[in-house]
Each structure stands twice: as structure tokens, then as C-alpha cells.
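User: I would like to learn how to read the features of a model such as this one. Please show the structure and then take me through it.

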Amino acid sequence: MSERRVTLAAVTGAHGVTGEVRLKLFSESFESFRAFKSFEANGRTLTLKAAKATPKGVIARFAEVPDRNAAEALRGTQLTVDRDALPPLGEGEYYHCDLIGLAVESDAGTPLGKVAAVENFGAGDVIEIERPDGKRFMVPLRPEAVPQWDDQRMVVSAVFVD
């Protein structure tokens, strides 16, 4: 097991009086979230008993949450899993968590900073790079802008560097 944790959901509040919670999912789909049976939540393990997708979001029940008070106490709690527990990736696929923190350099070899975030505004992923001075800039995650990366560094084409 790695020590890297990946957030798959966050508790947004209680639902009803029997300990169910409302969740905001960060996983690819409801099914990919439901594939996990336990989550780490602020240093404790929560065991998923049931989950259902509704028009207003996901409602979940955890074995360790017996009532509304316990459910309300979880508001804002992130539900994480170990990075190594995620399914293997296909060719050309990546997890955002694997990109965040990567050192970034231009294709000329100039250090640019680190990947600070991966965003998607509807037209594909965009990486946000933070320079050593704290200033940030964004680059589309397309082959012409990011010709290569591995688990150590990302290379950005100099024409995309501001």
C-alpha cells in the first residue's frame, strides 16, 4: 500500500434521521465510487453499507454512522482510498492525482515549477503550473502542449509558456 490518498467523495450533510449522508462525488462515476467498500475519513474507517444515486446526488449509509447526529458530524469530511487501490489505467489514461506535484520543465529544459491543479472547463483537461515565485499559468493537456510526462516530470512545449 502506498501512503498516497485519493479523495473519491465528500460528505455534504445528513439525509434523514437514520444516519444516511449526502455525498459529492469526485470519482468518475457512481459505479466507480460504489466499487469501494471502505474509506478513510479523518483517521477512521467508514464501511459502506449502501449507496444510491438520486436526482439530487448520492445518498450513502455507513456501518459506523448510527444516527442523524453522527451523520451531521461528518459534514465536510473527505472519503479517501489508497492510490494503489484504484483500477489500472489504459493507454493514454491518467489520474489527476498522479499529475499534481510533478516537476514541470519546458522542452528546452528550463524548469518551470510544479503542477498545482488539473481543471476541466468542458473542453478537456488543463494543467495549472505554479512557478517558484508563486505565479501560475495554465496549459491545455494536449500532445502539442504537453508532449511527454512520466511519474517524475512533465515537459511543456515552450510556445505554451507565458
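**Salt bridges, sheet and pocket**

Analyst: The side chains of Arg-153 and Glu-105 form a salt bridge, with N and O 2.8 Å apart. A salt bridge here is a side-chain nitrogen of Lys or Arg within 4 Å of a carboxyl oxygen of Asp or Glu. Arg-153 belongs to strand β12 and Glu-105 to strand β7, so the pair ties together parts that are 48 residues apart in sequence. The model is predicted: local features need pLDDT of at least 70, side-chain atom pairs count only at pLDDT 80 or more, and totals for chains, interfaces and linings use all residues. Residues are numbered from 1 along each chain as its sequence is written, and side-chain values use heavy atoms, with hydrogens and water left out.

User: Are Arg-153 and Glu-105 buried, partly exposed or exposed?

Analyst: Buried means under 20% relative accessible area, exposed over 50%, and partly exposed in between (1.4 Å probe, protein chains only). Arg-153 is partly exposed at 28%, and Glu-105 is partly exposed at 25%.

User: How many salt bridges does the whole structure have?

Analyst: The search finds 9. One of them joins Asp-98 to Arg-4, with the closest N and O atoms 2.5 Å apart. Asp-98 lies in helix α3 and Arg-4 in the segment before β1, so this pair links parts 94 residues apart in sequence. Asp-98 has a relative accessible area of 24%, and Arg-4 has 42%. Another salt bridge joins Arg-75 and Glu-72, whose closest N and O atoms are 3.0 Å apart.

User: How should I read the strand that holds Glu-105?

Analyst: Strands of a sheet pair through backbone hydrogen bonds, either parallel or antiparallel. Helices (H or I, at least four residues) and strands (E, at least two) are DSSP runs, numbered from the N terminus, and two strands pair if DSSP finds at least two bridges between them. Here an open sheet of 6 strands has the order β10-β9-β8-β7-β12-β11, with mixed pairing. β10 (136-140) and β11 (148-149) are at the edges with a single partner strand each, so one side of each has no neighbour in the sheet.

β7 (residues 103-106) runs antiparallel to β8 (residues 111-120), joined by 3 bridges, and parallel to β12 (residues 153-156), joined by 4 bridges. The bridge partners of Glu-105 are Pro-111 in β8 and Val-155 in β12. Between β7 and β8, which form a hairpin, there are 4 residues, and Gly-109 in the turn has a positive phi of about 90°.

User: Which side chains of β7 are buried?

Analyst: The side chains alternate along β7: Val-104 and Ser-106 point to one face and are buried, whereas Ala-103 and Glu-105 point to the other and are not.

User: What is unusual about a positive phi outside glycine?

Analyst: Most residues other than glycine have a negative phi. Asn-42 has a positive phi, near 55°, and lies in the loop between β3 (38-41) and β4 (44-54). Asn-42 is exposed, at 65% relative accessible area.

User: Which residues lie closest to the centre of the largest pocket?

Analyst: A pocket is an open set of points on a 1 Å grid over the protein atoms alone, where a 1.4 Å probe fits, with protein on both sides within 12 Å along at least five of seven lines; lining residues have an atom within 4 Å of a point. The largest pocket holds about 690 Å³ of space. Of its 19 lining residues, Phe-26, Ser-27, Glu-28, Tyr-95 and His-96 are the closest to the centre. β1 gives the most to the lining, with 3 residues.

Key:
Points joined across faces, edges and corners; volume = space filled by probe spheres on them.
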